[in-house]
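Welcome! Take a moment to look over the sequence and the model, and then let us walk through a few places together.

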Amino acid sequence: SVSGSSLPIATASCEVVVALHVVEHLEDPDAFLREARCVLVPGGMIILATPNPAALGARWMGPRWKGIRSDHIALRPPHAWRGGLESAGFRMHREGTTGLSGVPLFHKTPLALLHWIPMLIFGFFPWKHGEAYICLATAA
């Protein structure tokens, strides 16, 4: 079992914590968020990415959505992650979601270009319907 509630890092010793597609695997992701806040210096940043069960692809694909996996035990929509981060002592800096990679139609060229080119240019988008939730938050 993986909790992430105890990181082997000294308190207030990190500038950045990166958790890319990690938190959905944790039994208690809120404990991880609190621990991440603890190891960050004031003003330090967490970069978080996780599958978005509120994505258009998730809604269209239902149980066939690629985010539905036995090891994804903590899937949450963006507003729930935002609340968990704020409760752990973070201030949201920037958040959004990725494109429509969860929709099989966007896996084939030329439609795949409609997904990947804007992602390469802009990173992620300020909307809640993309495949993965991504946020940058600072330790308050």
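Which residues of helix H3 (residues 78–87) are buried? In this predicted model, they are Pro78, Trp81, Gly84 and Leu85. Around the helix axis they cover an arc of only 125 degrees, which puts them on the same side of H3. If you turn to the face of H3 that points away from this buried side, you will find the exposed residues His79 and Ser87.

What covers the buried residues of H3? The cover includes helix H1 (29–39), together with strand S2 (40–51), strand S3 (90–97) and strand S4 (132–139). Just after H3 comes Gly89, with a positive phi of about 105 degrees.

**Helix H1 and its meeting with H3**

Let us follow one of those neighbours, H1. The axes of H1 and H3 are 9 Å apart, and the two helices pack at an angle of about 45 degrees. That angle makes H1 oblique to H3. The crossing in which H1 passes H3 is right-handed. On the H1 side, the residues that take part in the meeting are Pro29, Asp30 and Leu33, and on the H3 side they are Trp81, Gly84 and Leu85. Trp81, Gly84 and Leu85 also appear among the buried residues of H3.

How many of the eleven residues of H1 are buried? Eight of them are, so H1 is largely enclosed by the rest of the structure. The buried residues are Pro29, Ala31, Phe32, Leu33, Glu35, Ala36, Arg37 and Val39. They pack against H3, and also against strand S1 (14–20), S2, S3 and S4.

**Val39 and the segment before S1**

Val39 belongs to helix H1, and at 1% relative accessibility it counts as buried. Which residues does Val39 touch, leaving aside those up to four places away in sequence? They are Leu7, Ile9, Ala10, Thr11, Ala12, Ser13, Cys14 and Val17.

One of these contacts, Ala12, is worth a stop. Ala12 sits in the segment before S1 and is partly exposed, with a relative accessible area of 39%. Although Ala12 is not a glycine, it has a positive phi of about 50 degrees. His21, in the loop between S1 and H1, is another residue other than glycine with a positive phi, near 55 degrees. His21 counts as partly exposed at 39% relative accessibility.

Pro8 also lies in the segment before S1, and with 82% relative accessibility it counts as exposed. Pro8 and Val39 are 31 residues apart in sequence, while their C-alpha atoms are 9.3 Å apart in space. For another pair, take Val39 and Gly130: they are 91 residues apart along the chain, and 30 Å separates their C-alpha atoms.

**Two threonines side by side in the numbering**

Gly130 leads us to Thr97 and Thr98. Is Thr97 buried or exposed? Thr97 lies in strand S3, and its relative accessibility of 0% means that it counts as buried. Thr98 is found in the loop between S3 and helix H4 (111–122), and at 10% relative accessibility it too counts as buried.

Both side chains reach backbone atoms elsewhere in the chain, as the table shows.

| Side chain | Backbone atom | Distance |
|---|---|---|
| Thr97 | oxygen of Trp127 | 2.9 Å |
| Thr97 | nitrogen of Gly130 | 2.8 Å |
| Thr98 | nitrogen of Glu131 | 3.4 Å |
| Thr98 | nitrogen of Ala132 | 2.9 Å |

What else does Thr97 touch, not counting residues up to four places away in sequence? Its contacts are Asn52, Pro78, Phe124, Phe125, Trp127, Lys128, His129, Gly130, Ala132 and Tyr133. Pro78 brings us back to where we began, for it is one of the buried residues of H3.

**Looking back**

To retrace the route on the model, start at H3, with its buried residues on the same side of the helix. Then move to H1, which is oblique to H3 and largely enclosed by the rest of the structure. From there, Val39 takes you to contacts including Leu7 and Ala12. Finish at Thr97, which touches Pro78.

Key
Residues are numbered from 1 along each chain as its sequence is written. This is a predicted model: local features need pLDDT of at least 70, side-chain atom pairs count only at pLDDT 80 or more; totals for chains, interfaces and linings use all residues. Side-chain values use heavy atoms; hydrogens and water are left out. Buried means under 20% relative accessible area, exposed over 50%, partly exposed in between (1.4 Å probe, protein chains only). Helices (H or I, at least four residues) and strands (E, at least two) are DSSP runs, numbered from the N terminus. The arc is that of the directions from the helix axis to the C-beta atoms. Contact means heavy atoms within 4.5 Å. A polar contact is a pair of N or O atoms within 3.5 Å; within protein, one must be able to donate a hydrogen and the other to accept it, and residues adjacent in sequence count only if both atoms are side-chain atoms. Axes are lines fitted to C-alpha atoms, for helices over the stretch in contact, and angles run from 0 to 180 degrees between N-to-C directions. Angles under 35 degrees count as roughly parallel, over 145 as roughly antiparallel, 65 to 115 as roughly perpendicular and the rest as oblique. A crossing is left-handed if the near helix is turned anticlockwise from the far one by less than a right angle, and right-handed if clockwise.
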